[in-house]
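Thanks for coming. I have one structure to go through today, starting with a detail of the backbone and then moving out to the whole chain. Please have a look at it first.

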Amino acid sequence: MKFFLDSAKLDEIDRAYHTFGIDGVTTNPRHIMDSGKTFMQAITDIADWVRREGLEGIDKFPVSVEVDPYLEKAEDMVEMARKISSVSENFAIKIPCTADGVAAARQLEKEGIRTNVTLIFSASQALLPAKNGSLFVSPFIGWKEANGEDCRKYISDIVQIYKNYGFYGKTQIICAAVRTGKQIVDCAVAGADIVTAGLAVYMDSMAHPYTRQGMDTFRKAWDNTAK
Ligand code: E4P
């Protein structure tokens with residue numbers, strides 16, 4: 001499974017890449033706002049970081065950037081996506097999962113602009129973006145589970161449907177808004193291609209009190225061993 005960082009902050013991207021070897025980045029309008037930069041500055045800075053690290057190429061290190069969330073019409077999303085994609089060959093353009101969004105993604109994929117159909121909350125929403133060739137779909141986990149839903153079946157259904165129809169691997173499933181180590185495991189067990197989460201989620205998922213306790217135990221043994 002691949003791990004993407006969900007952030008538009010360069011210091012977090014740099015740390016996650018050099019610590020955990022993350023495989024890509026996802027952003028959304030909220031992450032861009034949190035970076036404190038203008039939209040263009042934030043995405044240009046990420047594109048420059050990708051070049052500095054020698055990670056050019058969407059297959060090497062995809063970066064998802066979302067269109068203006070006020071756009072409703074397919075042609076307007078397509079127009080903005082063309083502009084965003086000219087900033088970096090690494091960009092996959094995030095398009096909301098509406099009928100117009102799917103039409104926009106279909107057109108963009110025909111033009112060779114890779115897309116990430118986002119804001120997916122049901123297995124049925126994940127089907128048409130795959131049929132129309134999107135590189136990624138982003139079914140959300142954390143928002144649903146915060147509302148008391150269990151996402152395990154929803155993700156394993158998407159995986160199974162993609163396997164049934166030959167989409168698996170071609171349209172990659174990014175489990176988005178992942179908040180806990182448990183959710184990372186659920187996505188991995190279901191066979192999702194990718195999880196995307198904030199740096200704090202990855203740091204927490206790597207921590208276990210027994211690891212620290214074990215280190216203390218072994219340090220005491222080390223101290224009491226003749227050298
Ligand atoms: C996914 O690609 C989204 O950027 C993200 O996971 C949205 O959720 P969040 O901002 O609530 O984490």
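**Two positive phi values, then the overall picture**

Let me begin in strand β7, residues 172–178, which is where A177 sits. Before I go on, a caution: this is a predicted model.

A177 is not a glycine, yet its phi is positive, about 55 degrees. Is A177 buried or exposed? With a relative accessible area of 5%, A177 falls under the 20% cut-off, so it counts as buried.

There is another residue to set beside it. L119 is also something other than glycine, and its phi is positive too, near 60 degrees. L119 belongs to strand β5. Its relative accessible area is 30%, and because buried requires under 20% and exposed over 50%, L119 is classed as partly exposed.

That brings me to the strand around L119. Strand β5 covers residues 115–120, and five of those six residues are buried, so the strand is mostly covered.

Which way do β4 and β5 run relative to each other? They run parallel, and four bridges join them, with β4 made up of residues 91–96. To place the pairing on the display, find K94 and look across to β5: the residue opposite is N116.

Now the whole chain. The secondary structure comes to eleven helices and eight strands.

On size, the protein has 227 residues, and for that length a compact globule would have a radius of gyration near 17 Å. The value here is 19 Å, which agrees. Along the principal axes, the C-alpha atoms fill a box of roughly 75 × 40 × 30 Å.

How much of the chain is buried? The figure is 48% of the 227 residues. The exposed area of the protein is about 11700 Å², and 54% of that area is supplied by carbon and sulfur atoms.

Next, the contacts. Taking those with a sequence separation of 6 or more, 57% are between residues 24 or more positions apart.

Last, the charges. There are 27 positive and 30 negative charges in the protein, and their mean positions are 4 Å apart.

To go back to where I started: the two residues to look at are A177, with phi about 55 degrees, and L119, with phi near 60 degrees. A177 is the buried one at 5%, while L119 is partly exposed at 30%. That is what I have.

Conventions:
Residues are numbered from 1 along each chain as its sequence is written. This is a predicted model: local features need pLDDT of at least 70, side-chain atom pairs count only at pLDDT 80 or more; totals for chains, interfaces and linings use all residues. Side-chain values use heavy atoms; hydrogens and water are left out. Helices (H or I, at least four residues) and strands (E, at least two) are DSSP runs, numbered from the N terminus. The radius of gyration is taken over C-alpha atoms; the globule rule is 2.2 Å times the number of residues to the power 0.38. Buried means under 20% relative accessible area, exposed over 50%, partly exposed in between (1.4 Å probe, protein chains only). Contact means heavy atoms within 4.5 Å. Accessible areas come from the Shrake-Rupley method with a 1.4 Å probe; for residues, only the protein chains shown count as cover. Lys and Arg count as positive and Asp and Glu as negative; His and the chain ends are not counted. The place of a charge is taken as NZ of Lys, CZ of Arg, CG of Asp or CD of Glu. Two strands pair if DSSP finds at least two bridges between them.
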